[in-house]
Amino acid sequence: QYVKNITKKRHAELPKQAAVLGAGIMGGGISYQSALKGIPVVMKDINQKSLELGMNEALSLLQKRQEKGRMSAVDMAKTLASIQPTLNYASVSDADVVVEAVVENPKVKATVLAETEALLTDHAVLASNTSTIPISLLAKSLKRPENFCGMHFFNPVHRMPLVEIIKGEKTSEETINRIVSYASKMGKTPIIVNDCPGFFVNRVLFPYFAGFSLLLRDGADFLAVDKVMEKVFGWPMGPAYLLDVVGIDTANHAQAVMAQGFPDRMGTIERDAIALLYEQQRYGQKNNHGFYNYT
Ligand code: NAD
């Protein structure tokens, strides 16, 4: 059984203070969602501009709620104030739950996770929002792997209900229960999945992207593929547009992990469309150029 149904109740203590590492597309979204549901959050990045973008995104989502009459001005201000942007690592030390959402690079993540663990109390739990990197691999850099698991949100965080909770070889049941409780408090639908490259959803999604890349190699036009998937097949977006939303850089890193984990399922093309766009620094919507131009 690959995906476990959460039939038994998994109540555990909720975090009093959360921290999110990385204020990009995902870290910004996770911080917003945590604050919205009443769990204050320290949002840490190494880049001031990312922090500003993360805060601006939170402000714009909160303003929309207020305009629709779903939130008072006072609550909007309180929620925004409960996100504390910072460049300072030490600020995460009071958190009892930390979600790591930095770049999809195993070495960078391992360093960030180990440095963070050293700041936390023994009781704190640490989770990674990695899309594809096995949790048991990342856990090797940690002294308390039992307090660590995957917490994989989907983009855009405020709209997508699913959160994959990934149990590594050494993850304790208590850690899973606490992260399930946190995800539920955030208004999400957690599912518990076993550990492997890509977990559950990206084992489905990345072979689909690989199939799309092979179609392009065979001469298909990405605009035509997107049009068919959207207008005729009925999906909300086609693969090229979805890759731009995900981020070509993130997809390129994730694809490398998937190709290593499942070489037989990922096709054999070197320098496919994702790799070529990455080389050209066309990272998708985050820098206004990917398959499509957004300026
Ligand atoms: P992003 O490029 O938008 O943001 C990454 C952020 O991490 C940047 O702001 C960067 O400055 C920051 N960062 C880099 N090194 C750091 C460090 N040492 N400490 C603190 N911050 C650091 O990327 P993203 O799309 O938000 O992806 C982040 C993670 O979430 C990746 O692991 C990715 O695979 C995963 N993820 C992405 C998506 C998606 O659709 N984009 C969906 C699910 C999961």
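1. A good place to start is the ligand: one of its oxygen atoms is 2.6 Å from an N or O atom in the side chain of aspartate 45. That falls under polar contact, meaning a pair of N or O atoms within 3.5 Å; within protein, one must be able to donate a hydrogen and the other to accept it, and residues adjacent in sequence count only if both atoms are side-chain atoms.

2. Please keep in mind that this is a predicted model, where local features need pLDDT of at least 70, side-chain atom pairs count only at pLDDT 80 or more, and totals for chains, interfaces and linings use all residues. Residues are numbered from 1 along each chain as its sequence is written, and side-chain values use heavy atoms, with hydrogens and water left out.

3. Two further side chains reach the ligand in this way. For lysine 109, a side-chain N or O atom is 2.7 Å from a ligand oxygen, and for serine 131 the distance is 2.6 Å. On its own the ligand has 830 Å² of accessible area (Shrake-Rupley method, 1.4 Å probe),, and the protein covers 89% of that area.

4. Which residues are closest to the ligand? They are Asp45, Glu104, Lys109, Ser131 and Val246, out of 23 that surround the ligand (a heavy atom within 4 Å).

5. Now for the overall layout: the chain is divided into domain 1 (3-194) and domain 2 (203-285), with bounds from an automatic or database domain assignment. Their C-alpha centres lie 27 Å apart.

6. Six residues of domain 1 are in contact with six of domain 2, where contact means heavy atoms within 4.5 Å. The two domains bury about 570 Å² between them, and carbon and sulfur atoms give 72% of this; buried area is the accessible area (1.4 Å probe) that two parts lose on being put together, summed over both. Glu104, Thr132 and Asn155 supply 66% of what domain 1 buries against domain 2, more than any other three residues.

7. Between the domains there is one residue pair in polar contact, both at pLDDT 80 or more.
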